[in-house]
Amino acid sequence: ILMAAVSFWLICRGGPHGGWDAWAIWNLRARFLYRAGDDWGLAFSDRLAWSHPDYPLLLPANVVRGWLWAGSETLAVPQLLAGLFTLGTTGVLIAALTLLRSATVGLLAGAVLLSSPLFLEVGAAQYADVPFALSLTAAAALLALHDRHPLTSLRLVVVAGVFAGLSAWTKNEGWLSIVALATVRVLVAVGRGSWRAMGRDLGAFFLGLGPVLLVLVQFKWMLAPANDLLAAGVKHWHERLLDAGRYAAIAGQLVHDLARVNPELFLVLAVYALLLGIASGPGSSPERSGLVLLLVLMLAGYGGVYLFLSAADLAWHLQSSLYRLVVQLLPLALLTFFDIVATPEEARRAGPSADVPA
């Protein structure tokens, strides 16, 4: 954590305004809201179409709140928020795995996440992708905990719905996360053979989602212009679907961006999984199935956007955005991986008789 904090601080020193999206989208919107007074609505003008004025406002609104508290547009506010979201995402991962598996596994997962230069770079760039990752990971973790104790933890599903709404109030990708999380609730309940549980879980999920969703719908209806991706992408989607070159380009860029996470990391995790094996335990199958399904649905959704809706130059679109989607899903992927693999304590108890190295 200390090494990651120092790295984060050095990145902020080198780019105090953050990356391109920070000053051209998120902090730009915050400056309109902070400076413009009664003309704050100009933040969503079509003249700023290049800055995606349809993007939701969780991050800019929090920057504005910090500036109001500080009394000035200090650069420390968006930097501090970026640090809090980066550390908070790590904390959610550690806490979730401590509850689901063990404190050892939680700390290992947190160390793995903070060992990724790409995660720290995107976090320090003041982008909304790490705040999005926090909400998505929190929602997934809460639902996994609920699946571990389905009869006594319905309130966890309510809070998961709140985080699902916050993910959509952070980035447009949150609409996909809402659909994916709700779909997983249905599939897990069907797998258990309980339609009653499905209705109960969905009701609790949408109870938590509702208030944030109302704010988001009002924003999209009254302020936000049309989304450029949807407006341009629905045309000729069937032609893109049949273009084999798009599949190859997406797969190639995904491999490239996964290598940016930390190439040595994947080798270490593979050895870790081979040594410890797959975890086993009563009542753990629904939670693990839910995490795997969520990760698969999110990956499929992102791939579908590039295949069907991206009307821009695909190579440029992939190079400028796919690495950030990898960061969005990295904490969720680590949560899923460490929940599936046995803990060191389990491997030690199993001993050599279970073909697990002592």
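This report walks through a pocket, two cavities and a nonpolar surface patch in a predicted model.

## The second largest pocket

Let's start with the second largest pocket, which holds about 470 Å³ of space. Its lining is made up of 22 residues, and those nearest the centre are Leu 254, Leu 258, Leu 299, Val 326 and Leu 329. Four helices each give two or more residues to this lining: H13 (244–261), H14 (263–276), H15 (285–309) and H16 (314–340). Helix H16 supplies the largest share, with 8 residues.

The chemistry of this pocket lining is easy to sum up: 21 residues are nonpolar, 1 is polar and none is charged.

## The largest cavity

Turning to enclosed spaces, the model has 2 cavities of 30 Å³ or more. The largest cavity has about 70 Å³ of space. It is lined by 13 residues, with Leu 59, Leu 81, Ala 82, Gln 126 and Tyr 127 closest to its centre.

Helices H3 (58–70), H4 (76–100) and H7 (129–148) each contribute two or more residues to the lining of the largest cavity. The largest share, 5 residues, belongs to H4. By class, the lining of the largest cavity has 9 nonpolar and 4 polar residues, and no charged ones.

## The second largest cavity

The second largest cavity has a volume of about 60 Å³. If you would like to find this cavity in the model, look for its lining residues: Ala 140, Leu 143, Ala 144, Asp 147, Leu 181, Val 184, Arg 185, Glu 287, Gly 290, Leu 291 and Leu 294. The helices that give two or more residues here are H7, H9 (174–192) and H15.

Charged residues do appear in this lining: the second largest cavity has 3 of them, along with 7 nonpolar residues and 1 polar residue. Helix H7 also serves the lining of the largest cavity, while H15 also serves that of the second largest pocket.

## A nonpolar patch on the surface

Finally, on the outside of the model, Trp 40, Trp 175, Val 217, Trp 221, Met 222 and Leu 223 form a nonpolar patch. Together these residues have about 690 Å² of accessible area. Helix H10 (residues 195–222) gives the most to the patch, with 3 residues.

One patch member worth a look is Trp 175, which is found in helix H9. Is Trp 175 buried, exposed or partly exposed? Trp 175 counts as partly exposed because its relative accessibility is 34%, and partly exposed is the class between under 20% (buried) and over 50% (exposed).

Technical notes: Residues numbered from 1 in each chain as written. Predicted model: local features only at pLDDT ≥ 70, side-chain atom pairs only at ≥ 80, totals over all residues. Heavy atoms only, no water. 1 Å grid on protein atoms, 1.4 Å probe; cavity = no way out; pocket = protein on both sides within 12 Å on 5 of 7 lines; lining within 4 Å. Points joined across faces, edges and corners; volume = space filled by probe spheres on them. Nonpolar A, V, L, I, M, F, W, Y, C, P; charged D, E, K, R; others polar. Patch = residues over 30% accessible without salt bridge, like charges linked within 9 Å, V, L, I, M, F, W, Y side chains within 5 Å. Areas by Shrake-Rupley, 256 points an atom, 1.4 Å probe, with all protein chains shown as cover. Salt bridge = Lys/Arg side-chain N within 4 Å of Asp/Glu carboxyl O. Buried < 20%, exposed > 50% of the residue type's maximum accessible area, 1.4 Å probe, protein only.
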